[in-house]
Amino acid sequence: MGIKRKIGELLFKGWGWKLQGKVPYHIPKKLYVVIPHTSNWDFPVGILLKMYQGMEVGFVAKQSLFYWPYGWIFRGLGGIPVNRSKSKGFIDSIVEVINSRERFSTSIAPEGTRKKVKKLKSGFYHIAKKAKIPVIYIKFDWKNKIVDLSEPRFVAESYTEEEKFVINHFKGVVGAVPENSF
């Protein structure tokens with residue numbers, strides 16, 4: 001285990017977090033779907049997990065985060081800036097990037113915000129469907145300090161079916177800001 005992984009493990013576990021599930025390193029292209037996203041503190045947990053597990057995974061974030069003075073940091077951590085005002089262009093542009101590479105994995109928070117939402121954005125579904133890649137659902141359970149990775153799965157035939165699966169899968173998971181949990 002390299003020094004970066006050791007530091008990631010030390011900080012991840014030192015902060016009290018545990019990992020459930022396995023990272024599917026053998027799958028060259030995949031989409032990590034993270035729920036709930038209720039706080040900026042989700043980001044360092046994700047970065048520590050990435051370091052600890054040696055994951056090759058980027059993240060999708062709003063374009064405004066990639067300007068001075070922090071842009072170089074977010075890009076260095078694997079960030080992919082997106083203009084959220086153009087949802088169709090966003091999906092097609094991510095699929096184009098996926099199709100142009102031999103290996104690609106990124107994470108996305110379908111709540112689209114850290115506030116309470118009643119409905120998820122469907123972009124993750126359309127990206128996975130169009131790119132024909134599996135998703136791995138990740139629970140950031142702040143109540144129990146567990147990051148849980150699901151088995152990889154291809155999305156259902158319809159978004160309605162997948163949405164039912166997602167709602168059931170994440171039922172009862174408490175985010176950093178409990179009242180904003182999905």
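Helices (at least four residues) and strands (at least two) are here DSSP runs, numbered from the N terminus. The exercises below concern a predicted model.

**Exercise 1. Place Lys145 and Lys132 among the elements, and decide for each whether the residue is buried, partly exposed or exposed.**

Solution.
Step 1. Lys145 sits in the loop that runs between S6 and strand S7 (146-149). Lys132 belongs to the loop between H5 and S6.
Step 2. Check the backbone. Lys145 is not a glycine, yet its phi is positive, about 55°. Lys132, also a residue other than glycine, has a positive phi near 60°.
Step 3. Apply the cut-offs: buried is under 20% relative accessible area, exposed is over 50%, and partly exposed is in between. Lys145 has 24% relative accessibility and therefore counts as partly exposed. Lys132 has 68%, so it counts as exposed.

**Exercise 2. Describe the order of elements and the overall dimensions of the protein chain.**

Solution.
Step 1. Count the elements: there are six helices and seven strands. Read from the N terminus, their order is α-β-β-α-β-α-β-α-β-α-β-β-α.
Step 2. Take the extent. The C-alpha trace spans about 40 × 35 × 35 Å along its principal axes.
Step 3. Compare with a compact globule. For 182 residues such a globule would have a radius of gyration near 16 Å, and the protein chain agrees because its value is 16 Å.
Step 4. Look at contacts between residues at least 6 apart in sequence: 72% of them join residues at least 24 apart.
Step 5. Turn to burial and surface. Of the 182 residues, 46% count as buried. The exposed area of the protein chain is about 10,300 Å², with 58% supplied by carbon and sulfur atoms.

**Exercise 3. Find which elements give two or more residues to the largest nonpolar core, and trace the contacts of Leu31.**

Solution.
Step 1. The largest nonpolar core holds 26 residues, and those with the most contacts inside it are Leu31, Val33, Phe90, Phe124, Ile127 and Tyr137.
Step 2. Two or more residues come from each of strand S2 (29-35), helix H4 (87-99), strand S5 (104-108), helix H5 (123-131), strand S6 (135-141) and helix H6 (159-169).
Step 3. Leaving aside residues up to four places away in sequence, Leu31 touches Thr106, Ile108, Phe124, Ile127, Ala128, Ile133, Pro134, Val135 and Ile136.
Step 4. Another core lies apart from this one; it has 19 residues, including Trp17, Tyr32, Met51 and Tyr52.

**Exercise 4. Is Glu9 buried or exposed, and which residues does Glu9 touch?**

Solution.
Step 1. Glu9 is part of helix H1 (residues 3-14).
Step 2. Its relative accessible area is 14%, so Glu9 is buried.
Step 3. With residues up to four places away in sequence not counted, Glu9 touches Met1, Gly14 and Tyr52.

**Exercise 5. Locate the cis peptide bonds that join Ile35 to Pro36 and Trp68 to Pro69, and the nonpolar surface patch that includes Trp68.**

Solution.
Step 1. Between Ile35 and Pro36 the cis bond has an omega of about -5°. Pro36 is found in the loop between S2 and helix H2 (42-53).
Step 2. Between Trp68 and Pro69 the cis bond has an omega of about 10°. Pro69 is in the loop between S3 and H3.
Step 3. Trp68 also forms a nonpolar surface patch with Tyr70, Trp72 and Ile73; together they have about 600 Å² of accessible area. Within this patch, Tyr70 lies in the loop between strand S3 (58-62) and helix H3 (71-76).

Methods: Residues numbered from 1 in each chain as written. Predicted model: local features only at pLDDT ≥ 70, side-chain atom pairs only at ≥ 80, totals over all residues. Heavy atoms only, no water. Patch = residues over 30% accessible without salt bridge, like charges linked within 9 Å, V, L, I, M, F, W, Y side chains within 5 Å. Areas by Shrake-Rupley, 256 points an atom, 1.4 Å probe, with all protein chains shown as cover. Salt bridge = Lys/Arg side-chain N within 4 Å of Asp/Glu carboxyl O. Core = buried A, V, L, I, M, F, W, Y, C linked by side-chain atoms within 4.5 Å. Buried < 20%, exposed > 50% of the residue type's maximum accessible area, 1.4 Å probe, protein only. Contact = heavy atoms within 4.5 Å. Rg over C-alpha atoms; globule rule 2.2 N^0.38 Å.
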